[in-house]
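The exercises below are meant for a reader who meets this structure for the first time. Try each task with the sequence and the model in view, and then compare your reading with the worked solution.

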Amino acid sequence: MSTYAGVGGAVFSGTNAVAEIRDWSLELTGATADSTVMGTSGSFMTVKPTLKSWTSSFSVIWNDSDSTGQGAFVEGAAVTLNLYPSGNSSGQVKWSGAAIVTSVTKNASVDGLVEASFTVTGNGALTESTV
């Protein structure tokens, strides 16, 4: 198993790179349903796996000229998200899936750059592959 340095990471909207990436995260979740029945011994409930879901978020230094990268992430927009932990050159790992943009936040401070953060919710399966 390899380890990766985040400095090479990238976020793409389809085939378009998102400019000025600071960080990104990916969360995969598996829901469960209670399957506990009467008459079972012990005090622990049992569960069964049901549906899976995923979300991702990333932060950028805001760049209003990045119309096909940052500009593609408008609240409510459908996007194809591609996440690269160590760059998008041949042989590198990537995660990809259709998603809906659920949140856009912009932040400014007197002693810093204007930043933006975006959150998406997966709309179907997330796939892991290599470039």
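## Exercise 1: Strand β5 and its partners

Strand β5 is mostly covered, since five of its seven residues are buried; a residue counts as buried under 20% relative accessible area, as exposed over 50%, and as partly exposed in between, with a 1.4 Å probe and protein chains only. Strands here are DSSP runs of E with at least two residues, helices are runs of H or I with at least four, and both are numbered from the N terminus. The model is a predicted one, in which local features need pLDDT of at least 70 and side-chain atom pairs count only at pLDDT 80 or more, while totals for chains, interfaces and linings use all residues. Residues are numbered from 1 along each chain as its sequence is written, and side-chain values use heavy atoms, with hydrogens and water left out.

Task: find which strands pair with β5, and in which sense.

Solution. Begin with strand β1 (residues 10-13), which pairs with β5 in the antiparallel sense over four bridges; two strands pair if DSSP finds at least two bridges between them. Within this pairing, V11 stands opposite L83 of β5. Next take β6, which also pairs with β5 in the antiparallel sense, here over six bridges, and in which G97 stands opposite L81.

## Exercise 2: The largest nonpolar core

Task: name the residues that touch the most other members of the largest nonpolar core.

Solution. A nonpolar core is a set of buried Ala, Val, Leu, Ile, Met, Phe, Trp, Tyr and Cys residues joined through side-chain atoms within 4.5 Å. The largest such core has 14 residues, and F58, F73, L81 and V120 are those that touch the most other members. As for where the members come from, β4 (47-61), β5 (78-84), β6 (93-107) and β7 each supply at least two residues of this core. The surroundings of L81 can then be followed: leaving aside neighbours within four places in sequence, L81 is in contact (heavy atoms within 4.5 Å) with V11, F12, W54, S56, F58, F73, W95, S96, G97 and V120.

## Exercise 3: Aromatic pairs

Task: describe how the rings of F12 and Y84, and then those of F58 and F73, are arranged.

Solution. Rings of Phe, Tyr and Trp (its six-membered ring) pair if their centres lie within 6.5 Å, and planes under 30 degrees apart count as stacked, over 60 as edge-to-face and the rest as tilted. The structure holds five aromatic pairs. In one of them, the ring centres of F12 and Y84 are 5.2 Å apart and the planes stand at 70°, so this pair is edge-to-face. The pair links distant parts of the chain, with F12 in strand β1 and Y84 in strand β5, 72 residues apart, and both residues are buried.

For F58 and F73 the centres are 4.9 Å apart and the planes stand at 80°, so this pair is edge-to-face. Because F58 lies in strand β4 and F73 in the loop between β4 and β5, the pair ties together parts that are 15 residues apart in sequence. F58 is buried at a relative accessible area of 2%, and F73 is buried at 2% relative accessibility. Ring pairs also link F58, F73 and F118 into a cluster.

## Exercise 4: E20 and S59

Task: decide whether S59 is buried or exposed, and find which residues are in contact with S59.

Solution. S59 has its place in strand β4 and is buried, because its relative accessible area is 18%. Beyond its neighbours within four places in sequence, S59 is in contact with E20, I21, R22, D23, A116 and S117. Of these, E20 is found in the loop between β2 (16-17) and β3 (21-34), where E20 is partly exposed at 39%. E20 has a positive phi of about 65° although it is not a glycine.

## Exercise 5: The whole chain

Task: work out how the spread of the chain compares with that of a compact globule of 131 residues.

Solution. The protein has zero helices and eight strands. A compact globule of 131 residues would have a radius of gyration near 14 Å, whereas the protein has 19 Å; this radius is taken over C-alpha atoms, and the globule rule is 2.2 Å times the number of residues to the power 0.38. Along its principal axes the C-alpha trace spans about 65 × 35 × 30 Å.
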